[in-house]
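Open the model in a viewer and keep the selection panel at hand. The stops below are meant to be taken in order.

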Amino acid sequence: MAVRKIYMDNNATTPLHPEVRKAMSEAMDVYGNPSSLHDFGRGARQLVESARDRVASFIGAKPEEIVFVGSGSEANNAVLSIISCQSKACEHKYQGANEIITTKIEHPCILETSKCLNERGVDVLYLDVDEHGKIDIGQLEGMISERTRLVSVMMANNEIGTIQDIEAMARLVHKHGALFHTDAVQAVGKIPVDVRELDVDFLTLSGHKIYGPKGVGALYIRTGAPFCPLIRGGHQERGRRAGTENTLGIVGFGKALEMRSVEMEPEEKRLLELKALLRKGIEEKIPDVHFVGHPTDCLPGTLNVSFEGAEGEAILLYLDLEGIAVSTGSACATGSLDPSHVILATGLPMEWAHGSIRISMGRENTMEDVEYVLEVLPRVIERIREMSTVYTRS
Amino acid sequence: MAGPEWAYTEKVKEHFMNPKNILVNEDEYEHDGKGVTGNVKCGDEMMVVIKVDAERGVITDCKWKTFGCASAIASTSVMSEMVKGMKLDDAYNLSAKEINKELGGLPDHKIHCSVLGDKALRLAINDYYRRHGMEEKVRQEEARVVCQCMGVTDQDIEHAVLEGARTFYELQEMTKIGTGCGGCKEEARELLEEYKEKHFCEA
């Protein structure tokens with residue numbers, strides 16, 4: 001019997017939108033170098049620039065404020081690296097900068113890079129979050145000083161979906177003369193994002209989280225914001241990112257955002273309904289569960305749930321055997337000792353944190369999918385709890 | 001259609017899907033020895049109980065429960081089959097490496113999850129000896145301090161190896177061993193190789 005396959009790991013990555021696939025197939029033979037002046041090059045340049053226009057207009061930016069990069073991680077690395085740049089050619093104002101502020105729930109590409117900055121002599125301060133994963137703007141206000149050069153706060157969290165009040169934070173940070181960056185790879189294309197309204201200096205986007213291809217992302221750099229390239233040695237992207245443009249990826253990325261501008265709103269509503277049903281079903285069918293993430297300020301398709309006495313990797317793999325794909329913050333799934341830093345930052349006890357799974361739904365998920373999950377999940381949890389040393393039926 | 005390969009062998013998958021000898025009704029199962037190890041806070045906990053034929057000194061039944069991942073479930077399941085009919089001494093000496101071999105191997109980073117079963121088994125065997133007036137047979141796995149300055153024991157070194165330390169530098173990062181007077185470095189290097197051999201080299 002063929003196992004039914006249900007993909008509910010859309011925060012990890014998403015399937016290509018059929019329209020994206022079509023646009024990319026059509027662009028497959030455009031091999032010219034966008035920097036070349038001849039017809040072949042101009043054809044490629046046109047595709048790249050029209051994609052740039054789409055990306056820019058989607059987030060309310062000017063096309064020249066968009067830099068295409070290889071991934072969201074690259075964009076995040078590029079922004080943080082400005083701070084430790086010692087080059088004479090760099091903006092002197094930011095030389096020898098001594099402090100940045102970020103949060104405890106950032107993606108590892110921010111946390112690891114911050115650690116590295118710290119080793120290069122930059123002080124790094126970390127904002128806490130409350131039980132729902134929200135940052136207290138009061139803590140930021142108390143933390144920020146004239147030594148602060150950059151504040152980086154993710155817009156929506158990949159594991160629990162919590163959305164931060166970026167606009168209020170950016171305004172506060174600007175009052176203190178520091179720069180503001182937000183990693184918005186999980187937000188753009190899922191919830192409205194407008195860089196002018198948010199008043200941010202830098203914003204990170206990614207293609208493959210929103211039904212575009214992997215290997216392409218973008219960085220918004222506000223006109224006038226200081227920037228210093230991470231990858232040097234080429235005039236591409238106005239000297240801000242060297243390397244021949246990934247034409248095919250950029251075309252797909254542009255198309256993905258074009259489709260988002262049509263589909264995002266109705267999908268948001270639909271996903272919220274599916275999530276509400278899923279949550280209600282889990283609560284009704286499975287005892288001793290705990291939901292992590294903000295009840296309202298949360299990505300529409302993301303549901304993070306923890307099952308007492310059941311270990312996350314075991315849950316993930318039993319679900320996998322039944323054709324359901326989710327992810328887990330359990331330590332065992334990553335080979336590290338500690339469970340998810342995000343879940344722990346919300347204050348959830350260790351024993352619960354090891355039993356958390358993230359269900360992230362997307363445009364292809366249906367009501368039938370939710371019903372199937374609600375049929376399989378209670379059985380899987382019961383089975384794991386039966387052999388659990390720590391679960392005693394309440 | 002067969003999907004892409006699991007990160008685990010078919011045998012691991014089989015034991016994960018249909019774990020053998022799970023202790024379902026703890027209260028109704030009369031065991032002769034019980035061992036519990038691990039800690040939920042660290043992500044895994046294991047309980048193993050055994051029945052023993054006292055005359056022959058042979059394990060006749062072995063059941064278990066766990067809060068653990070697929071590797072812990074599969075390796076304990078296969079272990080519980082292996083030890084049935086085994087003499088207590090032989091069972092005590094059963095190594096995680098032999099269990100992993102029976103399973104067809106585990107990914108390196110999952111081996112530390114699989115050593116809980118045999119550890120709990122040894123505790124259960126010791127518990128049996130104690131309960132049956134054979135204190136003299138109880139074997140202690142006492143930690144021995146290798147690095148006096150930083151208070152690092154041989155068990156700490158073994159633990160670090162299971163958690164991924166492969167070079168002396170990595171071992172130092174994880175345990176701070178030899179960062180005081182440095183007098184233990186040579187012994188620490190030897191122990192590092194010994195535990196790498198014990199857990200990760202092909203049997």
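The tour starts at a sheet in chain A, passes to the contact between the chains, and ends inside chain B.

This is a predicted model, in which local features need pLDDT of at least 70 and side-chain atom pairs count only at pLDDT 80 or more, while totals for chains, interfaces and linings use all residues. Residues are numbered from 1 along each chain as its sequence is written, and chains are lettered from A and ligands numbered from 1 in the order in which they are written.

**Sheet of chain A.** Select the strands of chain A: seven of them make an open sheet with mixed pairing, ordered E2-E8-E7-E6-E5-E3-E4. Strands here are DSSP E runs of at least two residues, and helices are H or I runs of at least four, numbered from the N terminus; two strands pair if DSSP finds at least two bridges between them. The edges are E2 (66-69) and E4 (123-127) of chain A, each with a single partner strand, so one side of each has no neighbour in the sheet. From one strand to the next, the twist averages 20 degrees.

Zoom in on E2(A), which runs antiparallel to E8 (residues 217-221) of chain A and is joined to E8(A) by four bridges. Val69(A) has Gly217(A) as its bridge partner in E8(A).

Now add helix H3 (residues 72-84) of chain A, which lies across E2, E3, E5, E6, E7 and E8 of chain A and runs at about 35 degrees to E8(A). Axes are lines fitted to C-alpha atoms, for helices over the stretch in contact, and angles run from 0 to 180 degrees between N-to-C directions.

**Between the chains.** Show both chains: 23 residues of chain B contact 20 residues of chain A, contact meaning C-beta atoms, placed from the backbone, within 7 Å. On the chain B side, H1 (10-17), E2 (44-53), E3 (58-67) and H2 (70-82) each give two or more residues. E2(B) gives the most, with four residues.

**Helix pair in chain B.** Keep H2(B) and add H6 (residues 116-131) of chain B; the axes are 8 Å apart, at an angle of about 45 degrees. The two helices are therefore oblique to each other, oblique being any angle outside the classes under 35 degrees (roughly parallel), over 145 (roughly antiparallel) and 65 to 115 (roughly perpendicular). To see the contact, display Ala72(B), Ser75(B), Thr76(B) and Met79(B) of H2(B) with Leu116(B), Gly117(B), Asp118(B) and Leu121(B) of H6(B).

Note on methods:
Two residues are in contact if their C-beta atoms, placed from the backbone, lie within 7 Å.
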